[in-house]
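Here is a short set of exercises to work through with the model open beside you. Try each task before reading on to its solution.

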Amino acid sequence: MLDSMGKAMNNEEKRKIVLIDIDSSDDEFDYEFINRLRGNRVKPFRVQGFISQTIPNFTHKQFQQHFRLSSTSFERCLQICAPLLKSSCVEGRKGSDERLQLLSVIWLLATPDSFRVRFDIGKSSLHDNFVRVTTVLHRLSPTIINWPEVEKMNQIQLNFGKMSKTCLNNIIGVIDGSYIAIPAPKKSANSHLTRKCFHAITLQAVCDDKLRIIDAFAGYPGSVGDRRIFTNSLIYERILQNKKRYAPGQYFIAADKAYPILEWCIPPYIDRGTLSEQE
């Protein structure tokens with residue numbers, strides 16, 4: 001008991017000494033004493049030259065395997081985002097290079113592998129990069145993800161018709177949902193549990209003939225079905241309110257059997273052994 005009281009008193013004395021030194025106006029601050037209390041910091045091993053030497057030597061296939069997008073798409077994204085990433089750095093504090101910011105955040109989103117070993121940055125720096133990049137992407141998203149104009153819909157449906165074995169025309173987009181895996185949340189974990197037995201939120205996306213996303217809707221828990229998400233999405237409301245703008249004439253969206261049959265949303269027939277040749 002006496003030993004524990006002695007240790008407690010020693011700790012209290014050290015705390016008082018630190019407070020006295022910090023509050024003191026003496027220019028000769030005892031950094032050596034503080035370092036003894038804190039212990040010596042050891043910088044962890046990190047790969048040097050990963051961005052400047054290793055990544056430039058990646059083939060197109062290797063780059064896409066690591067970052068989940070082509071090197072051409074990355075360079076185009078960097079060209080668009082760089083001015084905004086540069087201007088979003090905190091005043092008085094040097095921000096990370098724009099290429100480093102974008103590469104590190106995409107790596108974090110695309111792979112579970114460690115970022116610190118490869119990119120030579122700490123958690124706080126990556127956090128800053130993540131906030132900057134996601135903020136910029138959110139600001140730019142309306143200019144990239146947008147519904148085509150009526151003139152462009154004609155070309156889209158022609159290209160879909162060429163891809164279809166049955167020459168099915170008037171398709172202006174295809175819709176489906178995809179799971180985005182997340183750690184189990186502390187609240188309502190079961191509602192995020194998917195039928196594949198992992199926790200996720202659902203992304204609903206509509207793509208054109210070039211696999212470009214023209215509408216995206218995300219946030220519903222993984223246990224919610226595609227049909228319910230669809231009928232509560234913004235694109236569903238917009239088409240109901242203004243069909244001439246989003247699905248004029250005989251144009252429609254192609255979907256799988258989980259989606260409802262509508263004038264502008266056509267899922268396939270469910271094969272129960274009674275389909276006709278035409279169906």
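**Exercise 1. Find which residues Ile266 contacts beyond its neighbours within four places in sequence, and place Ile266 in the fold.**

Solution. Keep in mind that this is a predicted model.
- Step 1: setting aside neighbours within four places in sequence, Ile266 is in contact with Phe252, Ile253, Ala254 and Ala255.
- Step 2: take one of these contacts, Ala254. The C-alpha atoms of Ile266 and Ala254 are separated by 5.2 Å, although the two residues are 12 apart along the chain.
- Step 3: for its place in the fold, look to strand β5 (residues 265–266), where Ile266 sits.
- Step 4: the relative accessible area of Ile266 is 33%. Buried requires under 20% and exposed over 50%, so Ile266 is partly exposed.

**Exercise 2. Work out the order of the strands in the sheet and say which of them stand at the edges.**

Solution.
- Step 1: the 5 strands form an open sheet, ordered β3-β2-β1-β4-β5, with mixed pairing.
- Step 2: β3 and β5 each have a single partner strand, so they stand at the edges and one side of each lacks a neighbour in the sheet.
- Step 3: now add the helix. Helix α9 (residues 150–163) packs on the sheet and touches β1 and β2, its direction making about 80 degrees with that of β1.

**Exercise 3. Describe how strand β2 is paired, and decide whether it is enclosed or open.**

Solution.
- Step 1: a reminder helps here, namely that strands of a sheet pair through backbone hydrogen bonds, either parallel or antiparallel.
- Step 2: β2 pairs with strand β1 (residues 171–181) in the antiparallel sense, over 8 bridges. Here Thr202 in β2 is the bridge partner of Tyr179.
- Step 3: β2 also runs antiparallel to strand β3 (residues 213–221), and 7 bridges join them. Leu203 has Ala218 in β3 as its bridge partner.
- Step 4: the hairpin of β2 and β3 has 5 residues between the strands, and Leu211 there takes a positive phi near 65 degrees.
- Step 5: count the buried residues. In β2 (residues 200–207) they number 6 of the 8, so the strand is largely enclosed by the rest of the structure.

**Exercise 4. Are Cys207 and His192 buried or exposed, and what surrounds each of them?**

Solution.
- Step 1: Cys207 is found in strand β2. Its relative accessible area is 17%, so Cys207 is buried.
- Step 2: beyond its neighbours within four places in sequence, Cys207 is in contact with Phe160, Gly173, Val174, Arg212, Ile213 and Ile214. Cys207 and Gly173 are 34 residues apart in sequence, yet their C-alpha atoms are 5.4 Å apart in space.
- Step 3: His192 belongs to the loop between β1 and β2. At 14% relative accessibility, His192 is buried too.
- Step 4: a polar atom of the His192 side chain lies 3.0 Å from the backbone oxygen of Ser188.
- Step 5: not counting residues up to four places away in sequence, His192 touches several residues, including Ile182, Phe198, Ile201 and Pro221.

**Exercise 5. Characterise the packing of helix α4 against helix α6.**

Solution.
- Step 1: α4 (residues 60–67) and α6 (residues 98–110) pack at an angle of about 65 degrees, and their axes are 8 Å apart.
- Step 2: that angle makes α4 roughly perpendicular to α6.
- Step 3: in the contact, Phe63, His66 and Phe67 of α4 meet Leu103, Ile106, Trp107 and Ala110 of α6.
- Step 4: sorted by type, these residues give 6 nonpolar, 1 polar and no charged.

Conventions
Residues numbered from 1 in each chain as written. Predicted model: local features only at pLDDT ≥ 70, side-chain atom pairs only at ≥ 80, totals over all residues. Heavy atoms only, no water. Helix = DSSP H or I, 4+ residues; strand = E, 2+ residues; numbered from the N terminus. Buried < 20%, exposed > 50% of the residue type's maximum accessible area, 1.4 Å probe, protein only. Contact = heavy atoms within 4.5 Å. Axes fitted to C-alpha atoms, helices over the stretch in contact; angles between N-to-C directions. Parallel < 35°, antiparallel > 145°, perpendicular 65-115°, else oblique. Nonpolar A, V, L, I, M, F, W, Y, C, P; charged D, E, K, R; others polar. Pairing = 2+ DSSP bridges. Polar contact = N/O pair within 3.5 Å; in protein donor to acceptor, adjacent residues only side chain to side chain.
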